[in-house]
Amino acid sequence: MSTEKMPIKALENVVNDVVSIKLKDNRIFRGRLTRCDIYMNLTLADAEELENDQVRAKYGSVLIRGNNILWIRIPE
Amino acid sequence: MSTEKMPIKALENVVNDVVSIKLKDNRIFRGRLTRCDIYMNLTLADAEELENDQVRAKYGSVLIRGNNILWIRIPE
Amino acid sequence: MSTEKMPIKALENVVNDVVSIKLKDNRIFRGRLTRCDIYMNLTLADAEELENDQVRAKYGSVLIRGNNILWIRIPE
Amino acid sequence: MSTEKMPIKALENVVNDVVSIKLKDNRIFRGRLTRCDIYMNLTLADAEELENDQVRAKYGSVLIRGNNILWIRIPE
Amino acid sequence: MSTEKMPIKALENVVNDVVSIKLKDNRIFRGRLTRCDIYMNLTLADAEELENDQVRAKYGSVLIRGNNILWIRIPE
Amino acid sequence: MSTEKMPIKALENVVNDVVSIKLKDNRIFRGRLTRCDIYMNLTLADAEELENDQVRAKYGSVLIRGNNILWIRIPE
Amino acid sequence: MSTEKMPIKALENVVNDVVSIKLKDNRIFRGRLTRCDIYMNLTLADAEELENDQVRAKYGSVLIRGNNILWIRIPE
């Protein structure tokens, strides 16, 4: 498989765009993707935490640990 | 065992087809498979999240982390 | 230990037979084993999902992730 | 440490004997040990599933995944 | 660090002594340590299972999987 | 990818600054980051534990295990 | 990064001092640190188990498995 076709590459392609991330604790983070690695560790700028579609907190910059991520919504 | 007979190969064979994916949080994602790797990390296009067979949200493109997947329904 | 005596070999021996699989979410899948690997990743054809011995859903072909399997009932 | 003194060796020594196995879902399996490997993956013949000391189901042959085992009672 | 100072060495030093072991399912096993390895897999002889300080069952010999152990009380 | 762009680097860049850390048990730790490694193991000085935005305990220096971290809020 | 600056080094530096350890089962152990390794496996002497700040049990020497540790409070 070419590296270009790997799922993690779809994340690298949207650095600087806004993504939404569902964590194992059922919270969703929304923010601008600023860094990511192959373990899905990543950083967001202007990060908001949502619960049941309501903004629950604003955090500025957040580093999220990849192994607790369920899914990431990425812009098309 | 030949590579062709490996379970993950059954997933690679349906890239571009619609699959359903059950996650550990009991939600099901349905969408068109666009990328996958050997860890079952994958991306869906036109992704919908279902709960108790009802569409709960539409997400566009989603990257799903393989280690939180229970099963994937694949077209025959 | 000879490869022939390994537990996973008991699974390879029943490819094409019907097996039942208990997952961590307490559901049981029953279907014809079509592929398997050493991590217990596997595919079933004609798969049914059971809950409390009742058929809850029919899925056709399913890819199940090995690390969420509790046990597999195999024909003798 | 000699291989003979390793804990897993105590399991290999009772192949063909009846063992009881506690899984993470709180169920106990009892049956005749037919295969095992160093990850505690194993197969039982004449397997019964118990819940609160009552036989809940009879399964014939079962392959159990080692990483979900809490403990194994072995004959002395 | 010398091997002698490693935590697991404290366990090897009490082989043949009585230890108590807390598992992730909140049960405690008490018995004479007969084998152990570096993953904390171990075997107990004359093993008793306790719940809320009451003996709940006697098991004879038990093999306990290290990755589900919270702690082990060892004699001084 | 250059090392400078890795997510964990964003953490190294804020050593000596105050960070907030969400753990899997839903508690948040706030304190001055004094050490970190690539597994997100880290130490805080002047650490406070918060629950529902209230300070629940003050701990001085704390070593936090990386694999139980959900996210880390970092100063911009 | 120099070895001296690694988080685990902060633990090695307080061998023989009293530490408090939070485990995944929400209990806290307090005792004198006698051994530790890079996985945070460790042994305590004069160990007490606390629940809601009350001493619940005294255990003498205890070996704690690193992978179930949330955090360790260390003296400054």
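Two strands are said to pair here if DSSP finds at least two bridges between them, and in this predicted model a good place to begin is chain B, where strand β1 (residues 18–23) and strand β2 (residues 28–36) pair in the antiparallel sense over five bridges. Within that pairing, S20(B) stands opposite R30(B) in β2(B). The hairpin that β1(B) and β2(B) make has four residues between the strands, and N26(B) takes a positive phi near 75° there. From β2(B) the chain can be followed into strand β3 (residues 42–51), to which β2(B) is joined by seven bridges, again in an antiparallel run. Here L33(B) stands opposite L44(B) in β3(B). The hairpin of β2(B) and β3(B) has five residues between the strands, and M40(B) in its turn has a positive phi of about 70°. When reading such strands in the structure, it helps to recall that in a regular strand the side chains alternate between the two faces of the sheet.

From the strands of one chain we can pass to the contacts between chains, taking chain D and chain C as the first case. In this pair, 23 residues of chain D are in contact with 23 residues of chain C. The size of an interface is often given as the accessible area lost when the parts come together. For chain D and chain C the buried area is about 2,000 Å², and carbon and sulfur atoms give 55% of it. On the chain D side, R35(D), L63(D) and R65(D) supply 38% of the area that chain D buries against chain C, which is more than any other three residues supply.

The polar side of this interface can be described in similar detail. Nine residue pairs are in polar contact between chain D and chain C, counting pairs in which both residues are at pLDDT 80 or more. Three strands of chain D, namely β2 (28–36), β3 (42–51) and β4 (54–64), each supply at least two residues of the side that touches chain C. Of the elements of chain D, β4(D) gives the most to that side, with seven residues. Sorted by class, the side of chain D that touches chain C has eight nonpolar, six polar and nine charged residues.

Side chains of opposite charge can pair when their charged atoms come close. Across the interface of chain D and chain C the rule finds one salt bridge, in which the side chains of D25(D) and K22(C) meet at 3.1 Å, N to O. The two chains are also linked through their strands, since β5 (residues 69–74) of chain C and β4(D) pair in the antiparallel sense over four bridges. In that pairing W71(C) stands opposite I64(D) in β4(D).

Chain F and chain A provide a second interface, which can be read from the other side. Here 23 residues of chain F are in contact with 23 residues of chain A, and the area buried between them is about 1,900 Å², with 55% given by carbon and sulfur atoms. In chain F, the residues that lose the most area to chain A are P7(F), L70(F) and W71(F), together 33% of what that side buries. Between these chains there is one salt bridge, formed by K22(F) with D25(A), whose closest N and O atoms are 3.0 Å apart. Among the elements of chain F, α1 (7–12) and β5 (69–74) each supply at least two residues of the side that touches chain A, and the largest share, six residues, comes from β5(F). The residues of this side divide into 12 nonpolar, four polar and seven charged. Strand β4 (residues 54–64) of chain A is joined to β5(F) by four bridges in an antiparallel run, with I64(A) opposite W71(F).

How do the copies relate to one another? Chain D can be laid on chain C with an RMSD of 0.0 Å by a turn of 52° and a shift of 0.0 Å along the axis. The two copies use different surfaces, with 4% of the contact residues of chain D recurring in chain C. Not every pair of chains touches: no contact joins chain A and chain D, whose closest C-alpha atoms lie 18 Å apart.

Key. Residues are numbered from 1 along each chain as its sequence is written. Chains are lettered from A and ligands numbered from 1 in the order in which they are written. Side-chain values use heavy atoms; hydrogens and water are left out. Contact means heavy atoms within 4.5 Å. Buried area is the accessible area (1.4 Å probe) that two parts lose on being put together, summed over both. A salt bridge is a side-chain nitrogen of Lys or Arg within 4 Å of a carboxyl oxygen of Asp or Glu. A polar contact is a pair of N or O atoms within 3.5 Å; within protein, one must be able to donate a hydrogen and the other to accept it, and residues adjacent in sequence count only if both atoms are side-chain atoms. Ala, Val, Leu, Ile, Met, Phe, Trp, Tyr, Cys and Pro count as nonpolar, Asp, Glu, Lys and Arg as charged, and the others, Gly among them, as polar. Copies are superposed by least squares on the C-alpha atoms of residues with pLDDT of at least 70 in both.
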